[in-house]
Amino acid sequence: MTTGQVIISRRAIMTGLTSGAGLLLAGCPDTQPPNYGNVLRMADNLTYRAQRLLLPRQALAREYDRRDITSIPAIGTTDPADPHGEFYDAAGGAAYERLRSGGFAHWRLTIDGSVARPGSYSLDELKSFPARTQITRHTCEEGWSAIAEWTGVPLRRVLEAAGVKPTARFVNFYTFDGNLDSIDMFDALHPQTILAYGMNGRELPIAHGAPLRVRVERQLGYKSLKFLHRISVTDEFYDPGKLGPLQNGWAWYVGI
Amino acid sequence: MSSQSRTPTTAGAGTGHARWIRVTHWILAASVLTLGISGFTILMAHPRLYWGAVGNDLTPALIELPVSRNYRHGGWEVSTASFPDGGRAVSSIRTYDILNENSWARSLHFLAAWFVVVTGAIYLLAGIFSGHLRRDLLPRRGELTARAMWNDLTAHKRPAPGGPPYGLLQKGSYCAVVFLGVPLMVLTGWAMSPAMNAAYPFLSGIFGGTQSARTIHFCVFVALILFFVAHLVMVGLSGFKRQMRAMTLGGHT
């Protein structure tokens with residue numbers, strides 16, 4: 001047997017093993033983000049599949065009393081119009097500056113993609129939906145946590161109003177800074193996943209994502225994107241490249 | 001392994017390590033080392049520990065560890081009250097560019113954690129059904145006397161065979177790692193997961209909150225390092241080459 005044959009047969013074995021293991025662990029490969037052959041992303045996907053498979057499906061994150069509310073740091077983008085920000089996007093920053101100067105009166109949330117009725121909502125229109133207020137724990141990947149009160153419209157209500165198609169699997173969030181990330185429909189329809197416009201009984205402050213941010217209570221803080229302007233529903237996973245977590249080396253699913 | 005090779009032997013004549021023990025030992029050793037390195041990297045991003053449900057830079061810390069440039073970094077804007085009526089809760093914008101290698105460190109940590117959970121489960125099951133845990137690891141009845149412990153302590157500098165029978169303190173430290181240390185790491189680790197917390201709130205409850213669980217996670221990490229150091233010292237003192245041969249190639253020593 002030549003060296004080439006050895007390598008080929010080894011590769012064949014490895015391919016067989018990994019695809020076999022992949023099928024075993026993944027189940028349906030198209031319902032999770034691509035791993036690009038990166039072993040860390042494979043482990044992320046394994047955790048994702050395991051938690052989706054094993055954890056009770058509609059468990060609510062713990063909600064606290066008002067007296068439990070703590071101080072909370074504001075990190076990441078704290079002003080999308082600030083050109084020195086880590087995730088500054090020139091076009092988004094300029095648009096944000098313009099809308100903020102008008103008190104967000106002209107801001108609208110666009111909803112498109114795999115929905116029957118694409119369209120957009122003003123802040124007042126979102127506030128006319130039945131609101132949900134929840135006092136929850138924000139857990140940062142860095143290691144710290146904080147308790148705050150969030151008020152907003154359940155994402156589920158907005159998705160139902162837009163008529164989500166049965167093929168839809170992912171909800172993508174577009175922001176005014178250079179961030180774009182998604183959650184699966186399981187998290188999107190969760191009762192505590194809200195589009196928050198209020199925090200601690202007041203309007204959502206700029207540093208925490210005004211005028212609208214999403215709260216994803218069963219994942220780490222970086223999935224609760226701030227400064228939203230568009231929600232796009234997709235049937236398949238969409239990797240936004242350098243705007244998203246995967247191409248920056250971060251896990252897409254962070255329920256752990 | 002035959003039952004004959006497992007009968008109690010005279011002191012100094014070891015029975016060696018079974019193959020499944022050698023394999024799981026090294027997989028677990030590599031995984032735990034990876035967990036230690038990645039875990040410390042994660043700690044460096046936020047080297048503050050708390051007690052209770054939550055804690056952050058704007059709340060008091062239980063311990064602050066000088067392990068990265070993030071230690072007591074002063075980069076915060078003037079804080080604003082979280083409520084119109086004042087109160088204690090505030091919010092502040094961070095202006096300091098912290099050291100944060102959590103992107104790879106977190107994913108690597110959980111990759112290694114999967115290896116520990118799966119290999120650890122195999123080890124426990126094999127250990128139960130082969131009798132290894134009961135026969136070799138758990139101290140025997142009547143073995144736990146002060147005199148026996150003193151004898152064991154004074155016998156420590158003598159060369160020892162690779163594998164069981166183990167000394168009394170050796171059994172104790174292995175039991176502490178297998179039945180206390182590693183399970184505590186897994187449980188406190190789970191207690192930090194937001195999805196696990198939503199599904200099983202008692203997990204963080206038994207440790208007094210998610211931040212308490214994080215602090216315990218760190219304390220057990222320190223305890224496991226102490227075990228690791230003692231383990232290496234003892235392997236060295238009792239004949240490094242022989243011990244390594246027994247744990248890799250196997251066979252009687």
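Here are five short exercises on a predicted model, each with a worked solution.

**Exercise 1: An overview of chain A**

Describe the make-up of chain A: how many helices and strands are there, and what share of the residues counts as buried?

Solution. Start by counting the elements: chain A has six helices and eleven strands. Next, turn to burial: of the 256 residues in the chain, 46% count as buried. Finally, look at how contacts span the sequence. Among contacts in chain A between residues at least 6 apart in sequence, 64% join residues at least 24 apart.

**Exercise 2: Strands side by side**

Work out the strand order of the five-stranded open sheet in chain A, and find which strands lie at the edges.

Solution. Step one is the order, which reads β3-β2-β11-β6-β7 in chain A, with mixed pairing. Step two is the edges: β3(A) and β7(A), the latter spanning 180-184, each pair on one side only, so they are the edge strands by the pairing rule of at least two bridges. From one strand to the next, the twist averages 20°.

Now zoom in on one pair. β2(A) and β11(A) run parallel and are joined by four bridges. Thr110(A), for instance, has Arg230(A) in β11(A) as its bridge partner.

For contrast, try β4(A) and β5(A). These two run antiparallel, with eight bridges joining them. Here Thr133(A) has Thr151(A) in β5(A) as its bridge partner. The two strands form a hairpin with five residues between them, and Gly143(A) in the turn has a positive phi of about 130°.

**Exercise 3: The faces of a helix**

Find the buried residues of helix α5(A), residues 155-162, and explain why they can be said to line one face.

Solution. First list the buried residues: Leu155(A), Val158(A), Leu159(A) and Ala162(A). Then look down the axis of α5(A): the buried residues fall within an arc of 100°, so they line one face of the helix. Next, ask what covers them. The cover includes β2, β3, β5, α6, β8 and β10 of chain A. To finish, step past the end of the helix: Gly163(A) follows α5(A) and has a positive phi, near 75°.

**Exercise 4: Inside the nonpolar cores**

Which residues have the most contacts inside the largest nonpolar core?

Solution. This core has 50 residues, and Leu195(A) and Leu228(A) are the ones with the most contacts inside it. A second, separate core has 37 residues, including Leu246(A) from chain A and Leu108(B), Ala113(B) and Met185(B) from chain B. Returning to Leu195(A), we can list some of what it touches beyond four places away in sequence: among them are Leu126(A), Gly152(A), Leu212(A) and Val214(A). Leu155(A) and Val158(A) are also touched by Leu195(A), and both are among the buried residues of α5(A) from the previous exercise.

**Exercise 5: Where two chains meet**

How many residues does each chain bring to the contact, and where does Gly249(A) fit in?

Solution. Chain A brings 45 residues and chain B brings 39. On the side of chain A, α2(A) gives the most, with seven residues. By class, that side has 23 nonpolar, 14 polar and eight charged residues.

Now place Gly249(A), which lies in the segment after β11(A). It touches Ser103(B) and Trp104(B) across the chains. Is Gly249(A) buried or exposed? Gly249(A) has 14 other C-beta atoms within 10 Å, so it is partly exposed; a buried residue would need 20 or more, and an exposed one 12 or fewer.

Methods
Residues numbered from 1 in each chain as written. Chains lettered and ligands numbered in written order. Predicted model: local features only at pLDDT ≥ 70, side-chain atom pairs only at ≥ 80, totals over all residues. Contact = placed C-beta atoms within 7 Å. Arc of directions from axis to C-beta. Core = buried A, V, L, I, M, F, W, Y, C linked by C-beta atoms within 7 Å. Nonpolar A, V, L, I, M, F, W, Y, C, P; charged D, E, K, R; others polar. Axes fitted to C-alpha atoms, helices over the stretch in contact; angles between N-to-C directions.
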